[in-house]
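Thanks for coming. I will go through one structure today, beginning with a helix and then working outward.

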Amino acid sequence: MGRLNLKRIKVASLEEIALWLRRNDTAPREVMFITLGQKSGDRHIPSFAVRKVLTDHGWSPGATYTLPGNLEGHVARLG
């Protein structure tokens, strides 16, 4: 699989995701939020929680990818 050509936004909390979504409602229509992976313990943001924040703000959650360096990528589409 090739690299997805999406704007990548590194976040550390659900609040950061919600803030970005509120401030960028005219942003690119598809982005990837980067979070810490499961090995990060209590700093890990579960995929189901990311999906809920996205849908609460009118975005459609896409695939979640495991990325190198204990990171996860969560694709989001506006609309």
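Which residues of helix 2 are buried? They are Ala49, Val50, Val53 and Leu54. Before I go further, please keep in mind that this is a predicted model.

Looking down the axis of helix 2, the buried residues fall within an arc of 135°, so they line one face of the helix. The general background is that an α-helix has 3.6 residues a turn, so residues three or four places apart point the same way. The cover over the buried residues of helix 2 includes helix 1, which is 14-23, together with strand 2, strand 3 at 59-67 and strand 4 at 71-78.

Now turn to the face of helix 2 that points away from its buried side. That face carries the exposed residues Phe48, Lys52 and Asp56. Two of these interact: the side chains of Asp56 and Lys52 meet in a salt bridge, at 2.7 Å or 2.9 Å? The value is 2.9 Å, N to O. Asp56 and Lys52 are four residues apart in helix 2, which means that about one helical turn separates them.

Just after helix 2 comes Gly58, with a positive phi of about 85°.

Let me step back to the whole chain. How many helices and strands are there in the protein chain? There are two helices and four strands. Along the sequence, they follow the pattern β-α-β-α-β-β. The radius of gyration is 12 Å, close to the 12 Å that the globule rule gives for 79 residues, so the chain is as compact as a globular protein of that length. Taken along the principal axes, the C-alpha atoms fill a box of roughly 35 × 30 × 15 Å.

Of the 79 residues, 39% count as buried. The chain exposes about 5,000 Å², and carbon and sulfur atoms supply 52% of that area. As for contacts between residues at least 6 apart in sequence, 60% of them join residues at least 24 apart.

Next, the salt bridges. The count for this model comes to two. One is the Asp56 and Lys52 pair on helix 2 that I have already described. The other is between the side chains of Glu30 and Arg77, at 2.7 Å, N to O. This pair links distant parts of the chain, with Glu30 in strand 2 and Arg77 in strand 4, 47 residues apart. Glu30 has 29% relative accessibility and therefore counts as partly exposed. Arg77, at 37%, also counts as partly exposed. On the helix 2 pair, by contrast, both Asp56 and Lys52 are exposed.

There is also a charged residue without a partner. Glu72 sits in strand 4. Glu72 is buried yet has no salt bridge. How far away is the nearest side chain of opposite charge? That side chain is Arg51, and it is 9.4 Å away. Leaving aside neighbours within four places in sequence, Glu72 has contacts that include Phe33, Ile34, Thr35, His44, Ser47 and Tyr65.

Ile34, one of those contacts, lies in strand 2. Is Ile34 buried or exposed? Its relative accessibility is 6%, so Ile34 counts as buried. With neighbours within four places in sequence again left out, Ile34 is in contact with Arg8, Ile9, Lys10, Val11, Leu67, Leu71, Glu72 and Gly73. Take Leu71 from that list: Ile34 and Leu71 are 37 residues apart along the chain, while their C-alpha atoms are separated by 6.6 Å.

Two loop residues are left. Asn70 lies in the loop between strand 3 and strand 4. Its phi is near 60°, a positive value in a residue other than glycine. In general, most residues other than glycine have a negative phi. Asn70 has a relative accessible area of 28%, so it is partly exposed.

Arg43 is in the loop between strand 2, which is 30-36, and helix 2, which is 47-56. At 54% relative accessibility, Arg43 counts as exposed. Arg43 and Trp20 are 23 residues apart in sequence, and 19 Å apart in space from C-alpha to C-alpha.

To close, I return to the opening question about helix 2: Ala49, Val50, Val53 and Leu54 are its buried residues, and Phe48, Lys52 and Asp56 are exposed on the face turned away from them.

Methods
Residues are numbered from 1 along each chain as its sequence is written. This is a predicted model: local features need pLDDT of at least 70, side-chain atom pairs count only at pLDDT 80 or more; totals for chains, interfaces and linings use all residues. Side-chain values use heavy atoms; hydrogens and water are left out. Buried means under 20% relative accessible area, exposed over 50%, partly exposed in between (1.4 Å probe, protein chains only). The arc is that of the directions from the helix axis to the C-beta atoms. Contact means heavy atoms within 4.5 Å. Lys and Arg count as positive and Asp and Glu as negative; His and the chain ends are not counted. A salt bridge is a side-chain nitrogen of Lys or Arg within 4 Å of a carboxyl oxygen of Asp or Glu. The radius of gyration is taken over C-alpha atoms; the globule rule is 2.2 Å times the number of residues to the power 0.38. Accessible areas come from the Shrake-Rupley method with a 1.4 Å probe; for residues, only the protein chains shown count as cover.
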